[in-house]
Amino acid sequence: MSELLKNIFRFALFIFVQVFVLFKVSPLHHFIVPYLYFLFILWLPFNLPRFWLTFIGFIYGLTLDYFTNTPGLHAAACTLIAYVRPFIINLMISQEGTDKNYASPSITSMGFAPYATYALVLTLLHHSFLVFLEWMSFGTFFFFIGKVIGTTAISLLLILLTELLFFRKEQFRTNTV
Amino acid sequence: MRNVFLFIRRYFNFLFFLVLQIVSLSFLFQYNKFHQAAFSNVAGEITGRFNEKYNGVEYYFRLKGTNDALVKENERLNQLLKENYEAPGQLNKLMTDTLMIDSLKKIQKYIYREAKVVGSSVSSQTNYLTIHRGSSQQIRPNMGVISPLGIVGTVVSTSPNFAVVMSMLHRQYTVVVKLKNGGERGKVEWDGTNPSFVTLKDIPKSAKMNKGDSIVTSETSSLFPPGILVGTVNEIVEDKSSNFYVVKLKTATNFFNVQYVYVIDNTQFDEQKRLEDSTRKKIQ
């Protein structure tokens with residue numbers, strides 16, 4: 001399957017899983033909302049230009065927003081992590097040329113620890129911004145901190161489960177091809 | 001001039017990012033104020049279709065709860081039938097009015113229209129329901145929505161075949177209510193923590209209130225007919241610093257499995273609103 005087709009498929013799948021599975025889970029606690037959909041942005045290929053990355057982030061967030069009737073909320077958070085993503089990747093890539101030899105960020109291409117840090121930083125950023133926008137109209141500072149931590153913990157657990165269940169084999173590409 | 005272009009080219013990505021942020025934030029704050037966003041008409045129609053497909057499956061699992069709610073409502077309505085009541089004395093006789101004008105039609109203030117719920121959420125801070133009835137089926141924004149068991153919310157936006165209802169479980173939602181026993185008025189809000197409970201405020205401490213008392217919609221709420229159940233008193237929180245009760249209410253509607261709702265059309269809503277608005281303008 002081509003990279004483009006794969007990502008279009010993922011786009012729809014992540015949105016539907018988020019809207020019709022994770023948002024339907026009855027709330028465990030008011031700090032915890034299970035978020036997984038932004039993993040789509042973390043999995044986008046390395047060689048995507050930054051302009052398109054930011055733009056895809058915006059469109060992706062807006063699509064989810066129209067399902068939850070909060071136009072702009074998820075779009076703002078997704079645009080932010082899509083924009084910041086290349087900076088984090090540059091910091092986390094241990095070996096020269098990883099972004100040329102592999103298609104997209106994963107445990108195989110980046111190594112476990114750098115990939116985990118990459119996921120943690122972007123998850124934290126996404127949730128902080130999202131909860132901050134919610135918090136502007138209501139809640140206390142304690143609520144803000146609690147919700148960011150609770151939601152991030154659940155998200156990281158879900159990301160780990162997804163990575164284990166759907167292990168992505170990354171082909172090593174040499175530049176001789 | 002050349003430097004300006006160079007600057008834009010150099011920081012194009014950052015500027016593009018800023019533009020997208022501003023666009024999404026303006027969407028967000030505009031929607032919070034007026035509940036109208038760009039393309040929300042088209043988007044509502046599309047997401048409504050997906051929600052409807054999902055609800056086709058979910059509906060079967062909720063049939064039992066839906067049936068129970070409808071039976072309970074039928075029981076309540078049967079209690080109100082004229083045949084159940086008997087006049088205490090021989091002097092009171094039921095007579096048919098011989099007037100030939102159908103006066104009932106003209107003074108009907110509230111019109112009920114049934115609608116199927118195709119999408120709902122309880123897990124977020126701002127919960128909405130999507131119903132399968134829209135502007136082509138006489139639904140307009142600012143209509144009250146009730147379920148067989150109690151009130152649900154208010155219509156905020158419509159597309160041709162679907163409408164979005166702001167649920168009582170929304171941080172911006174308030175509804176004017178009264179005690180069923182005493183008649184003291186207060187308002188109900190949601191604090192965003194537990195979807196089974198809402199908060200009742202502004203009831204003076206002189207009112208008599210017990211656990212389990214019914215709270216119903218008030219005459220002053222122009223969206224709902226008076227006397228529709230909102231919730232029952234679950235816990236009265238002591239607050240020595242104020243003269244008002246803060247009460248935790250158990251919602252009458254079960255928001256987890258609501259499947260059918262009635263949209264209430266107040267035929268005199270526009271007239272009342274116009275009068276109130278023009279008065280407000282005069283005073284200012």
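**Charges and rings in a predicted structure**

Let me begin with a helix in chain B, α3, which covers residues 40–61 and holds both R49(B) and E45(B), four residues apart, or about one turn of the helix. Please keep in mind throughout that what we are looking at is a predicted model. These two residues form a salt bridge, and the closest N and O atoms of R49(B) and E45(B) are 3.4 Å apart. Are the two partners buried or exposed? R49(B) has a relative accessibility of 38%, so it counts as partly exposed, whereas E45(B), at 16%, falls under the 20% limit and therefore counts as buried. The pair also belongs to something wider, since E45(B), R49(B) and E52(B) are linked in a network of salt bridges.

How many salt bridges does a search of the whole structure find? Over all chains, the search finds twelve, and I would like to show you two others.

One of them lies in helix α6 of chain B, residues 269–283, where K273(B) and D277(B) are again four residues apart, about one turn of the helix. Their side chains meet in a salt bridge with an N to O distance of 3.9 Å. Here K273(B) is partly exposed at 39% relative accessibility, and D277(B) is partly exposed as well, with a relative accessible area of 30%.

The other is between D265(B) and R140(B), whose closest N and O atoms are 3.3 Å apart. This pair links distant parts of the chain, because D265(B) is in strand β12 (residues 260–266) while R140(B) is in the loop between β2 (126–131) and β3 (144–146), 125 residues apart. D265(B) is buried, with a relative accessible area of 7%, and R140(B) counts as partly exposed at 39%.

Staying with chain B, let us turn to the surface. Ten nonpolar side chains, M1(B), V4(B), F5(B), F7(B), I8(B), Y11(B), F12(B), F14(B), L18(B) and I22(B), form a nonpolar patch there, with about 1000 Å² of accessible area together. The elements that give two or more residues to this patch are α1 (2–10) and α2 (12–34) of chain B. One of the patch residues, F12(B), is found in helix α2 and is partly exposed, with a relative accessible area of 39%. Another, Y11(B), has the charged end of R10(B) sitting over its ring, 5.1 Å from the centre. Elsewhere in chain B, the charged end of K248(B) sits over the ring of F197(B), 4.7 Å from its centre.

Finally, we come to aromatic rings, of which the structure holds 30 pairs over all chains. In chain A, the rings of F14(A) and W43(A) have centres 5.7 Å apart and planes at 70°, so this pair is edge-to-face. F14(A) lies in helix α1 (residues 3–22) and W43(A) in the loop between α2 (39–42) and α3 (50–68), so the pair ties together parts that are 29 residues apart in sequence. Both F14(A) and W43(A) are buried.

F23(A) and Y35(A) also form an edge-to-face pair, at 5.8 Å centre to centre and with 80° between the planes. Both of these residues lie in the loop between α1 and α2 of chain A, so the pair ties together parts twelve residues apart in sequence. F23(A) and Y35(A) are both buried, and they belong to one aromatic cluster with F11(A), Y37(A), F38(A), F40(A) and Y60(A).

Technical notes. Residues are numbered from 1 along each chain as its sequence is written. Chains are lettered from A and ligands numbered from 1 in the order in which they are written. Side-chain values use heavy atoms; hydrogens and water are left out. A salt bridge is a side-chain nitrogen of Lys or Arg within 4 Å of a carboxyl oxygen of Asp or Glu. Buried means under 20% relative accessible area, exposed over 50%, partly exposed in between (1.4 Å probe, protein chains only). Patches are made of residues with over 30% relative accessible area and no salt bridge: like charges are joined within 9 Å, nonpolar side chains (Val, Leu, Ile, Met, Phe, Trp, Tyr) within 5 Å. Accessible areas come from the Shrake-Rupley method with a 1.4 Å probe; for residues, only the protein chains shown count as cover. Rings of Phe, Tyr and Trp (its six-membered ring) pair if their centres lie within 6.5 Å; planes under 30 degrees apart count as stacked, over 60 as edge-to-face and the rest as tilted. A charge sits over a ring if NZ of Lys or CZ of Arg is within 6 Å of the ring centre and within 35 degrees of the ring normal.
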